[in-house]
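Visitor: I am new to this structure and would like to be walked through it with care. Could we take it one chain and one contact at a time?

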Amino acid sequence: MSLTLAIVNGRVIDPASGLDAPCDIAIADGRILALGAPPAGFAPQRVVDARGLVVAPGLVDLCARMREPGAEGALRGEMRAALAGGVTGLACPPDTDPPLDEPGLVRMLRQRSREAAGARLYPLGALTAGLAGQALAEMHTLAQVGCVAFCQTAALPANLGTLLQALRYASTFDLPVWLRPVDASLVGDGVAGDGPLASRLGLPAIPVVAETVALHTIFELQRTAGTRIHICRLSSAEGVALVRAAKREGLPVTADVSVQHLHLVDENIGYYDSNCRLDPPLRSAQDRAAIRAGLADGTLDAVCSDHAPVSQEDKLLPFGEARAGASALETLLPLILAWAQAQAVPLVRALGAVTAAPARILGEDTGMLAPGRKADLVVFDPQASWTVQPEAFHSSGHNSPFAGQTMTGRVRYTLVGGEVRFEAAT
Amino acid sequence: MQVLTRSPQLNSDGGLHHLLSIAELPRPLIERILTTADGFIAVGTREVKSVPLLRGRSVFNLFFENSTRTRTTFEIAAKRLSADVYNLNVAASSTAKGESLLDTIDNLTAMQADIFVVRHAQGGAPYLIARHVAPHVHVVNAGDGRHAHPTQALLDLYTIRHYKGAFEPLSVAIVGDILNSRVARSDIDALRTMGVTDLRAVGPLTLLPAGLETMGVRVCTRLEEGLRDADVVIMLRLQNERMRGALLPSAAEYFRNYGLTPQALRHARPDCIVMHPGPMNRGVEIDSAVADGPHSVILPQVSFGIAVRMAVLSMVASSQQEGAQRA
């Protein structure tokens with residue numbers, strides 16, 4: 001739809017250029033036509049008055065599960081959740097059922113995504129067939145049908161020979177590989193971060209070495225294979241330090257962290273709150289401090305929602321049996337604002353961690369506001385406060401570690417390709 | 001982000017509504033449980049071994065994990081209080097058919113359950129149940145995963161108080177598989193709350209969880225060091241069924257290093273007492289000569305356990321939560 005639209009009177013924040021100023025935006029043919037004064041004769045079909053609101057690039061989420069294929073029909077609700085959260089682009093990990101390891105599945109997912117008219121969907125292909133860590137997936141073919149990177153989702157494959165070959169094969173076509181830094185043999189049956197809380201509650205613990213050993217392995221293999229690698233969802237101070245050292249060494253590496261880990265620690269588990277059963281597990285206050293410092297100094301590039309809808313049947317269980325994950329798309333933006341507020345991070349920088357930086361990692365020309373760019377935008381009220389009620393989520397998962405808490409910052413409009421796809425009821 | 005402040009096991013007056021863990025119980029409440037148990041000791045020695053405190057109430061023993069001793073002592077305790085007692089071996093019935101834990105609880109609540117005595121392989125399961133049940137229903141934790149076994153800790157306190165009097169001056173050693181032991185966690189919480197400052201955890205590093213020091217415990221890897229001048233020695237069962245592989249090379253090597261023999265016990269005080277939550281593995285964590293010897297108070301522990309469980313059941317049953325009108 002080639003609607004023309006103007007967003008006027010807003011405070012425009014563009015992390016990519018550092019812009020933070022009152023400014024009007026003219027949009028035509030799905031793209032940004034002009035920032036500031038519109039071209040002569042521009043007569044928009046619709047004008048959005050953004051007085052008192054912030055206008056920013058739509059959020060780009062490096063990890064949001066749509067649960068399709070697997071839970072057919074879920075994608076629409078998750079896309080509604082994305083738009084309601086101001087997310088205009090999201091990377092879907094291949095931990096679906098079946099995993100995204102063949103072109104037909106990827107085509108089907110993209111088709112369903114287009115029909116849902118939600119956020120842009122960036123499929124992540126499986127690195128190995130069935131994610132089983134045994135045989136390579138058809139990476140080149142998958143890339144041709146739209147996979148933007150290749151993942152091993154839960155942990156590194158036990159067979160490191162396969163991993164090394166997968167990295168070499170990806171390098172052949174200059175395909176990026178995204179890895180979770182997890183050594184499964186060191187996780188064992190662990191369900192909570194190692195530390196006093198896990199010891200007190202008697203929860204089987206996941207030691208930090210499960211992350212650091214995996215990072216050492218990844219970087220060592222990367223030194224020989226030369227692959228571009230993105231590290232998904234760090235959880236520990238030691239892990240942040242290893243990524244910092246790898247970047248200093250010049251390895252082509254980027255890294256992200258989930259917004260939950262930016263805010264929560266293991267003590268939030270309290271009396272076995274299974275809403276805090278997450279993967280990676282929550283760790284200590286020192287680990288959280290290191291994650292925040294890593295974001296501040298650029299060691300960590302981006303923050304993702306790690307959106308993982310879980311049914312109540314899978315969540316209302318004893319902590320150790322509950323499925324890991326939380327619905328997080330609808331709380332991503334206010335949690336970024338809360339972090340900026342608490343750590344005195346300028347808004348223009350904080351928003352960069354969920355816009356320009358993840359778009360750069362995806363290699364997409366979104367996440368920024370400039371003439372000619374795709375008009376993917378979020379318009380939000382930075383002052384509006386609301387209470388998290390997971391039962392009211394658009395997502396099929398009705399659980400959140402932040403249930404009942406007050407958030408500041410609420411999405412008013414979400415635009416994808418110049419089209420208003422979400423508009424809050426006022 | 002917020003953390004719950006009031007323990008879910010206490011009612012708004014600070015009384016015991018559920019018993020889920022020792023960790024959050026204030027000392028006066030623990031003392032009240034022990035004093036209440038005093039009054040029930042005599043019941044067991046009378047010709048008519050029951051009192052009518054729980055007449056007409058239903059106690060469901062809900063064991064998702066097998067147990068003979070704990071279930072039996074809870075059953076005896078409830079019967080001596082004149083409750084109607086139902087034993088459900090859930091491990092073998094509904095959950096095997098795929099019924100969820102909370103569905104099972106709902107069904108039993110519909111059968112007018114007043115108290116659930118719960119054992120579950122997962123730490124925290126009794127908290128989930130306590131959050132879920134109606135306000136007039138009470139939950140007593142009979143052991144959850146590696147987390148807590150609060151009535152065992154209470155009977156251990158009762159036993160120690162019986163033989164040693166005051167807690168504060170005591171040196172207490174807990175020996176064995178601390179990592180996998182809910183008894184150890186509850187004993188540590190209980191003894192710390194009662195003012196024991198010299199508390200040692202003894203075992204190989206593979207059986208000691210991270211952060212024990214933050215629980216107010218001194219970690220010892222040598223048995224002699226851990227036992228030195230101890231007044232109380234609590235031995236833990238080496239739970240073979242909980243071992244996840246490579247924690248110990250063999251039971252024999254374990255016994256040579258950590259088995260409580262008469263020789264090892266000489267490092268403790270001459271008037272020390274030796275306790276064990278049972279069932280014992282003779283020749284693995286404890287030598288028969290010690291288990292049956294003059295320092296052993298293992299059988300009195302079992303008798304005290306009934307009175308302590310009577311105290312807990314009668315106290316939770318008398319707790320009124322706001323809005324706790326029976327349907």
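**A guided tour**

Guide: As a start, this is a predicted model, and in it chain B holds eleven helices and nine strands.

Visitor: How compact is chain B for a protein of 327 residues?

Guide: Along its principal axes the C-alpha trace of chain B spans about 60 × 45 × 45 Å. The globule rule gives 20 Å for 327 residues, and the radius of gyration of chain B is close to that, so the chain is as compact as a globular protein of that length, with a value of 20 Å.

Visitor: What is the mean pLDDT of chain B?

Guide: For the model as a whole, the scores are ipTM 0.87 and pTM 0.92. Within chain B, 92% of the residues reach a pLDDT of 70 or more, and the mean is 91.

Visitor: Which element gives the largest share of the side of domain 1 of chain B that touches domain 2 of chain B?

Guide: The domain assignment divides chain B into domain 1, covering 27-148 + 304-317, and domain 2, covering 150-303, and their C-alpha centres lie 26 Å apart. The contact between them takes 21 residues from domain 1 of chain B and 23 residues from domain 2 of chain B. On the domain 1 side, helix H1 (27-41), strand E4 (138-144) and helix H11 (298-317) of chain B each supply at least two residues. The largest share there, six residues, comes from H11(B).

Visitor: How many residues of that side of domain 1 of chain B are nonpolar, polar and charged?

Guide: The side in question is the one through which domain 1 of chain B touches domain 2 of chain B, and it has 21 residues. Sorted by kind, these residues of domain 1 of chain B are ten nonpolar, six polar and five charged.

Visitor: Turning to chain A, which strand gives the most to the side of domain 1 that touches domain 2?

Guide: In chain A the domain assignment gives domain 1 as 5-55 + 374-423 and domain 2 as 58-362, with C-alpha centres that lie 25 Å apart. Here 32 residues of domain 1 of chain A are in contact with 43 residues of domain 2 of chain A. Strand E16 (377-387), strand E17 (406-416) and strand E18 (419-423) of chain A each supply at least two residues of the domain 1 side. The strand that gives the most, with seven residues, is E17(A).

Visitor: Which strands are at the edges of the open sheet of eight strands in chain A?

Guide: This open sheet has parallel pairing and follows the order E6-E7-E8-E9-E10-E13-E14-E15 in chain A, and the twist averages 25° from one strand to the next. An edge strand pairs on one side only, and in this sheet of chain A that describes strand E6 (59-61) and strand E15 (302-304).

Visitor: Which residue in E15(A) stands opposite Ser258(A)?

Guide: Strand E14 (residues 253-258) of chain A runs parallel to E15(A), and three bridges join the two. In this pairing, the residue of E15(A) that stands opposite Ser258(A) is Cys304(A).

Visitor: What is the phi of Asp29(A), in the hairpin of E2(A) and E3(A)?

Guide: Strand E2 (residues 19-28) and strand E3 (residues 31-35) of chain A pair in the antiparallel sense over four bridges, and Ala26(A) has Ala34(A) in E3(A) as its bridge partner. The hairpin has two residues between the strands, and within this hairpin Asp29(A) takes a positive phi near 55°.

Visitor: Which residues are joined by a cis peptide bond in chain A, and which in chain B?

Guide: In chain A the proline concerned lies in the loop between helix H9 (259-263) and helix H10 (285-296), while in chain B the proline lies in the loop between strand E9 (273-275) and helix H10 (288-291). Omega is about 5° for the bond in chain A and about -10° for the bond in chain B. The joined residues are Asp279(A) and Pro280(A) in chain A, and Gly278(B) and Pro279(B) in chain B.

Visitor: Finally, which helix gives the largest share of the side of chain A that touches chain B?

Guide: The contact between the chains takes 26 residues from chain A and 27 residues from chain B. The chain A side divides into eleven nonpolar, nine polar and six charged residues. Its largest share, four residues, comes from a helix that covers residues 196-201 of chain A, namely helix H6.

Key: Residues are numbered from 1 along each chain as its sequence is written. Chains are lettered from A and ligands numbered from 1 in the order in which they are written. This is a predicted model: local features need pLDDT of at least 70, side-chain atom pairs count only at pLDDT 80 or more; totals for chains, interfaces and linings use all residues. Domain bounds come from an automatic or database domain assignment. Two residues are in contact if their C-beta atoms, placed from the backbone, lie within 7 Å. Two strands pair if DSSP finds at least two bridges between them. Axes are lines fitted to C-alpha atoms, for helices over the stretch in contact, and angles run from 0 to 180 degrees between N-to-C directions. Ala, Val, Leu, Ile, Met, Phe, Trp, Tyr, Cys and Pro count as nonpolar, Asp, Glu, Lys and Arg as charged, and the others, Gly among them, as polar. pLDDT is the predictor's confidence in each residue, from 0 to 100. The radius of gyration is taken over C-alpha atoms; the globule rule is 2.2 Å times the number of residues to the power 0.38.
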